[in-house]
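Here are a few short exercises to work through with the model open beside you. Try each task before reading its solution.

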Amino acid sequence: MQKQLLLGVEAIAQGAIDSGISGVYAYPGTPSTEITEYIQNSEEAIARNVHRTWAANEKTAMESALGMSYAGKRALVCMKHVGMNVAADCFMNAAITGANGGLVITAADDPSMHSSQNEQDSRVYGKFALIPVLEPSNQQEAYEMTRYGFALSETVGSPVLLRITTRLAHSRSGVTPSGTLPENHMHLPENKRQFVLLPAIARKQYKLLLEKQADFVKASEQSPFNSYTDGEDKSLGIIACGITYNYLMEHFNGKCKYPVVKVSQYPLPRKMLKRLLRECKQILVLEEGYPVVEELLKGYPGQENISGRLDGTLPRDGELNPDWVARALGLPATEETPVPEIVAPRPPALCNGCSHRDVYKALNEVISTYGEGRVFSDIGCYTLGALPPFQSINSCVDMGASITMAKGACDAGLFPAVAVIGDSTFTHSGMTGLLDAVNEQTPITVIISDNESISMTGGQESSALGKIESICKGIGVNPEHIRVLLPVPKNHEELCQIIREELEYKGVSVIIPRRVCIQKAARDAKKSKK
């Protein structure tokens, strides 16, 4: 078939379509967002009516995908690495239920924290759950591994984790697709108790999972994505995981003089590694993220000759690149050219005309009479309120934490305690925190800055659209203290007055400044002219 120029995330999406998926479930999160968007815009996926609507959060996405797998069809779940924390409850238990239809979970990690709060390595989740993990080294493998992952999932009866990183996700390469497979017919599990995790059943299922570990290792040993390439110089043996294999090969024109074990499927291929450890004097481990493989190998008896991220040969944080690999190999690294001032990194800022600007301007004016350190915020465009010129917020930890942290601070005696959260983040994981506050009548003020889209990741439609007031009323917020207004400069004094009044209210209040994201408004205007 004709080669296509695809991002890594697009290669995964095309691989899933060609694998005969019946649904993709996801919540937007860089660098994973474009997987779902590609499927949403695919003519073939539209024609087949593949499920492709955004979920409210990663947990609901994971659970819905598991339900599709239960019904015998193939499902793809997509999220960034911190989304794995949200999905973890279902993810861990899905390893014990197993899969019926093929189930592939794609986790896009973000080393160097280009747009994230941390650098966690999703391979740890795969090891934690005791399921197979795939880690492509290039875009072609990303495509092929997606297809392979669905087949592997159905063969071994387990979910499969596909882990990528930012550099692979957002770089392009030629990809040659294969033919499209038909979607599975709906078929329920033969064992009708398989998904019922009552303790007596879960214990049996867990034993089955443990018994499958030998099959997972065998699959890894025989995987077309793992390889042992011999080399004439046995003074060093190299283990290259995922994209680091490309970084290594850049220095040897595709032919390394040292023996190399390429690892792209886990559990680790033990026979290959044992051979490398036996034949080579020193071992260098190249891996993106945590020193997962390095730590495992150092647990082998007598293995003191292993270096990598754990011992400082490679940096413990941030992305690897060919220069770091060169230094670890004792090769000359490229001299870094100073970045010209015109392209030097600049801190991000809220767009001119953004509604969040009007919210922070009013909030700053009112909160100044109480003192600093009273505003808790969340994950979204409005997080930029931490930076100049506003410097309005005092926390940003995880999705939904603004409301619960404001509640905890209020419980500790802080007054006033304000939470600033976006519309999509509110329905993602802020609603339950609001329920806690309502149940205890905690006197906090929640500002849901509603720009009617998931703007930070490209303007996807928010699950909260048209529902926020109803949700707040249903949760139990007093309707008299659900205040809605248009945040524009001419309404500045009105917004200030509303904030003053609600800060003094001895209960839960919700302020909803609502104005569509200006970027989304501009895109929608262009579409309407076509």
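**Exercise 1.** Which residue follows H16, and what is the sign of its phi?

*Solution.* Step to the end of the helix: the next residue is glutamine 441. Its phi is positive, near 50°. Keep in mind that this is a predicted model.

**Exercise 2.** Find where helix H16 bends, and say whether the residue there is buried or exposed.

*Solution.* Start with the range: H16 covers residues 423-440. Next, follow the axis to glycine 430, where the helix bends by about 70°. Finally, check accessibility: Gly430 is buried, and so are other residues of H16, including Phe426, His428 and Leu434.

**Exercise 3.** Describe the interface of domain 1 and domain 2.

*Solution.* First, take the bounds from the domain assignment: domain 1 is 4-216 and domain 2 is 227-328, with domain 3 at 355-522. The contact takes 25 residues from domain 1 and 22 residues from domain 2.

Now turn to area. The two domains bury about 1900 Å² between them, 50% of it on carbon and sulfur atoms. On the domain 1 side, Arg123, Glu135 and Ser137 lose the most area to domain 2, together 29% of what that side buries.

**Exercise 4.** How many salt bridges are counted between domain 1 and domain 2?

*Solution.* The count is three. For polar contacts across this interface, the rule finds 15 residue pairs. Last, look at which elements of domain 1 take part: helix H7 (139-156) is one of those giving two or more residues to the side that touches domain 2, and H7 gives the most, with four residues.

Methods:
Residues numbered from 1 in each chain as written. Predicted model: local features only at pLDDT ≥ 70, side-chain atom pairs only at ≥ 80, totals over all residues. Heavy atoms only, no water. Bend = angle between axes of the 7 residues up to and from the residue. Buried < 20%, exposed > 50% of the residue type's maximum accessible area, 1.4 Å probe, protein only. Domains from an automatic or database assignment. Contact = heavy atoms within 4.5 Å. Buried area = accessible area lost by both parts, 1.4 Å probe. Salt bridge = Lys/Arg side-chain N within 4 Å of Asp/Glu carboxyl O. Polar contact = N/O pair within 3.5 Å; in protein donor to acceptor, adjacent residues only side chain to side chain.
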